[in-house]
Amino acid sequence: MDHLKALESFKTIVKELEQMHALAALVGWDDWMGLPEKGIDFRDETRAYLENKRLDLIKSQELTEAIEELTQDEPSLNLVDRAVLREVKREKRMAECLPQERLVAFEAVKATAQRVWQEAHHTSNYALFKPYLKQVIEFNRELSLALSGEGHILDPLMDILDPGATVVITDRVFEDLKRGLVDLLKDIRKSEKVVNEDFLNFEFDERQLASFCQKLVETLGYDPIAGGYAKTLHPFTSSLGPVDARITTNYSCFTAGLFALIHEAGHGMYAQGGGKEAMESSLWGGLNGAMHESQSRLYENIIGRSYSFWKYYFPILQEALPHFENVSLDTFYSAINAVKSSLIRVQADEVTYSLHVIIRYELEKRLLEEDLSVDDLPEAWNNAYEAYLGIRPSNDREGVLQDVHWSCGYFGYFQSYSLGNMYSAQIFDAMKADLGSVDEMVARGEFVGIREWLRAKIHQYGGIYTPVELIVKATGRPLEASHYLNYLSEKYHKLYN
């Protein structure tokens with residue numbers, strides 16, 4: 001097979017794989033958004049059919065020969081084609097490391113585990129979910145061992161979900177992060193400032209809150225015509241096509257609904273913001289893991305919880321929700337940034353949030369190392385919360401059953417939230433160096449410049465660069481914890497002086 005024929009064959013197959021990924025994502029979206037109980041069996045057959053077709057294609061002789069030819073002549077490929085080749089090789093390696101029937105069967109396990117998790121979460125019944133979690137862990141161990149070279153058993157799984165992340169690297173930056181957070185928490189706890197948060201818990205008209213939240217994220221730059229809104233138990237974003245990035249939230253309370261939607265809109269804007277080269281290849285949607293989380297956390301926290309943001313938006317909130325008419329901006333700002341130990345990760349403040357992540361990351365390592373069993377997991381979870389945060393869950397719903405990730409088969413993702421926090425602060429520092437006073441822009445409600453800077457520096461590239469390459473390209477330096485710790489220290493010492 002000559003070079004031109006190989007490249008043509010390669011691109012044809014990659015386009016078909018792209019369609020299969022989109023169809024699988026659509027099936028997953030419907031699982032969360034209204035799949036009727038009587039449709040489950042046939043849906044699982046459909047999922048198995050799609051997975052078998054994908055695996056047949058990725059393992060086909062035609063694609064294998066095309067990859068071999070292009071690899072030999074890789075220096076002659078353009079930047080985008082090299083990136084696509086890199087990602088297809090990753091997918092092929094995973095497809096060939098275990099028997100096909102095992103990979104297909106696990107798709108059904110994940111689908112069932114997600115449905116059981118929802119019921120277990122509602123009823124706080126870990127025993128219901130435990131056998132499915134055991135299957136998920138067993139598969140992930142099997143997958144990791146099949147992929148693994150040297151390193152920790154979690155490394156191959158991290159690389160699938162958070163490319164470039166390893167246990168060695170993560171442990172090192174987490175040690176710096178923990179040290180900085182512990183010192184900051186000590187200073188905050190010495191403060192005599194009392195923050196009133198009670199007014200944030202109130203009854204509201206969900207339609208009014210949803211309308212306010214949706215208008216807000218559209219002002220930030222999220223395009224609902226290239227996505228849309230939905231409610232779900234655990235908020236998420238689903239990229240179903242080059243610009244089709246749908247976002248969800250849960251309006252169980254005011255702050256959770258608002259900040260979850262801003263968070264997911266950050267994901268959505270990243271997915272929608274790809275340049276022509278990324279959108280016309282299979283590299284749309286952005287980089288999985290920490291880089292994607294950096295965009296959601298930047299909008300949710302660095303912008304969305306800033307004083308400048310609410311200097312502009314608080315009068316709009318007061319008009320939309322009269323409950324806040326007699327609340328001052330300073331009181332509101334202090335309340336949405338209050339630091340306290342809490343049980344629920346997605347509702348945690350910025351200072352304690354990473355401790356939630358570190359707990360899960362450390363438990364994942366122990367589960368895969370077989371140092372911890374699923375039988376003992378709830379107790380280990382509760383003990384970790386008591387040790388790190390000084391509080392203990394009273395039931396499994398607010399404990400080990402609170403996150404959906406393990407039911408989706410995801411082991412090796414949790415660290416990306418904290419790494420994403422670090423990326424977000426480093427990116428924001430680079431943005432300020434280029435744009436000047438971003439706080440002044442935000443206080444005037446001017447968000448276009450921020451979105452366009454992120455598109456130019458991050459979003460346009462989609463998956464063309466690796467995370468390690470992109471952070472250097474965008475900021476001039478590899479990832480450093482100092483940017484995030486400096487951001488937290490400056491913000492929270494002012495709040496708790």
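Contact here means heavy atoms within 4.5 Å, and the legends below describe close-up views of a predicted model.

**View A. Helix α13 and the elements that cover its buried residues.** Helix α13 spans residues 307–320, and its 14 residues reach 19 Å from the first C-alpha to the last, which is close to the 20 Å expected at 1.5 Å a residue. A kink of about 45° lies within α13 at Tyr 313, shortly before the proline Pro 315. The buried residues of this helix are Ser 308, Phe 309, Trp 310, Tyr 313, Phe 314, Leu 317 and Gln 318, so that Tyr 313 appears both at the kink and among the buried positions, where buried means under 20% relative accessible area. What covers these residues includes α9 (206–220), α10 (254–272) and α12 (290–303), together with α14 (329–336) and α18 (438–443).

**View B. The second largest pocket and its lining.** This pocket has a volume of about 490 Å³, and its lining is made up of 18 residues, of which Tyr 333, Asp 439, Tyr 487, Glu 490 and Lys 491 lie nearest the centre. The elements that give two or more residues to the lining are α12, α13, α17 (415–435) and α21 (482–495). Helix α21 provides the largest share of the lining, with seven residues. Helix α13, shown in the preceding view, is thus also one of the elements that contribute two or more residues here.

**View C. Ser 144 in helix α6.** Ser 144 is found in α6, the helix that runs over residues 126–147. With a relative accessible area of 0%, Ser 144 is buried. When its neighbours within four places in sequence are left aside, Ser 144 is in contact with Ile 153, Pro 156 and Leu 157.

**View D. Two buried cysteines, Cys 213 and Cys 408.** A disulfide is a covalent bond between the sulfur atoms of two cysteines. With a cut-off of 2.5 Å between cysteine sulfur atoms, the count for this model comes to zero disulfides. Cys 213 counts as buried because its relative accessibility is 1%, and its sulfur is 11 Å from the closest cysteine sulfur, that of Cys 253, which is too far for a bond. Cys 408 is likewise buried, with a relative accessible area of 15%. The sulfur of Cys 408 has its closest cysteine sulfur in Cys 97, at 20 Å, and therefore this pair is also too far apart for a bond.

Key:
Residues numbered from 1 in each chain as written. Predicted model: local features only at pLDDT ≥ 70, side-chain atom pairs only at ≥ 80, totals over all residues. Heavy atoms only, no water. Helix = DSSP H or I, 4+ residues; strand = E, 2+ residues; numbered from the N terminus. Buried < 20%, exposed > 50% of the residue type's maximum accessible area, 1.4 Å probe, protein only. Expected span 1.5 Å × (residues − 1). Bend = angle between axes of the 7 residues up to and from the residue. 1 Å grid on protein atoms, 1.4 Å probe; cavity = no way out; pocket = protein on both sides within 12 Å on 5 of 7 lines; lining within 4 Å. Points joined across faces, edges and corners; volume = space filled by probe spheres on them.
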